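User: Hi! I'm new to this structure and would like to understand the labels people attach to its parts. Could you walk me through some of them?

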Amino acid sequence: MPIKANLPPEPEFAAPLAPNHPSPETLRLLALRRSTPVAALSEPGPAADDIDAMLRLAMRVPDHRKLEPWRVLIIAGAARALFGDVLAAARHLRDPDATQDQLAAERALPFRAPLILCVVSSPVHDKKNTPVWEQQLSAGAFCQNLLIASQAMGWAGVWISEDAAYDGHVQAALGLSGHEQIAGFIYLGTAKEQPVERQRATVSNKATRWTG
Ligand SMILES: Cc1cc2nc3c(=O)[nH]c(=O)nc-3n(C[C@H](O)[C@H](O)[C@H](O)COP(=O)(O)O)c2cc1C
């Protein structure tokens, strides 16, 4: 059941903040968090004030040299039909032999969920030459913050790229500049099917103690 985010006021610049936040609920969310496959998403979706709240939380992301190297396109409601037209046109350009059914399927993709947040990695060049890689990592962290914030608010969602993220026609239609990339489409809504646990990495397989 979604909840309204009852967030504390945004801290003033330079206000003292706690260095940690012991929170069993956060630990539980991280221990059990699961994406919902996009085909299992449905209406309803977050309202405008929910979207503002989750974006505000997503923006509290690590960001070397405060470059804010990300931005978001909110694709909801009727704009999904326009985005569907873009996806169909992109498919036609990629694959001129695509059938009318295949193009119709592309047009339907944005309607799999009520809300799509397209997170754009938007690295900048600063005097200190902050590596683009670090700025892209910040955009990835932004996507994950967004997933966690939206799930904590009671929404279901998934981070996907599909062909669209890498398609030049889609990137141009969404207004990306040459240096920008789509970090992900975060599809959000309500789960019509419960996701199940998937295979997970284990700490013993992935972590080794470095001893020099
Ligand atoms: C950058 C990125 C792109 C992804 N693109 C897709 C995608 O196009 N289609 C898909 O089914 N899953 C995609 N995934 C995987 C899902 O977001 C998700 O991680 C996966 O279904 C496992 O679920 P979990 O988050 O519960 O571990 C992508 C993940 C990342 C990080």
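Analyst: Happy to! In this predicted model, the buried residues of helix 5 include Q135, A139, F142, L146 and A149.

User: What makes a residue of helix 5, such as F142, count as buried?

Analyst: A residue is called buried if 20 or more other C-beta atoms lie within 10 Å of its own. F142 is listed among the buried residues of helix 5, so it meets that cut-off. The cover over the buried residues of this helix includes helix 1 (24-32), helix 2, strand 2 (70-76), strand 3, strand 4 and strand 5 (181-191).

User: Why is N129 called exposed?

Analyst: N129 has 8 other C-beta atoms within 10 Å. Exposed means 12 or fewer, so N129 is exposed. N129 is found in the loop between strand 3 (115-121) and helix 5 (132-152), and has a positive phi of about 55 degrees although it is not a glycine.

User: And why does E162 count as partly exposed?

Analyst: E162 has 14 C-beta neighbours inside 10 Å. Partly exposed lies between the cut-offs of 12 and 20, so that label fits E162. Its place is in the loop between strand 4 (156-160) and helix 6 (168-173). Phi of E162 is also positive, near 50 degrees, in a residue other than glycine.

User: How do you know that the span of helix 5 is close to the expected one?

Analyst: Helix 5 has 21 residues, and 30 Å is expected at 1.5 Å a residue. From first C-alpha to last, helix 5 reaches 30 Å, close to that expectation. After helix 5 comes G154, with a positive phi near 100 degrees.

Definitions and conventions: Residues are numbered from 1 along each chain as its sequence is written. This is a predicted model: local features need pLDDT of at least 70, side-chain atom pairs count only at pLDDT 80 or more; totals for chains, interfaces and linings use all residues. Helices (H or I, at least four residues) and strands (E, at least two) are DSSP runs, numbered from the N terminus. The expected span of a helix is 1.5 Å times one less than its number of residues. Two residues are in contact if their C-beta atoms, placed from the backbone, lie within 7 Å.
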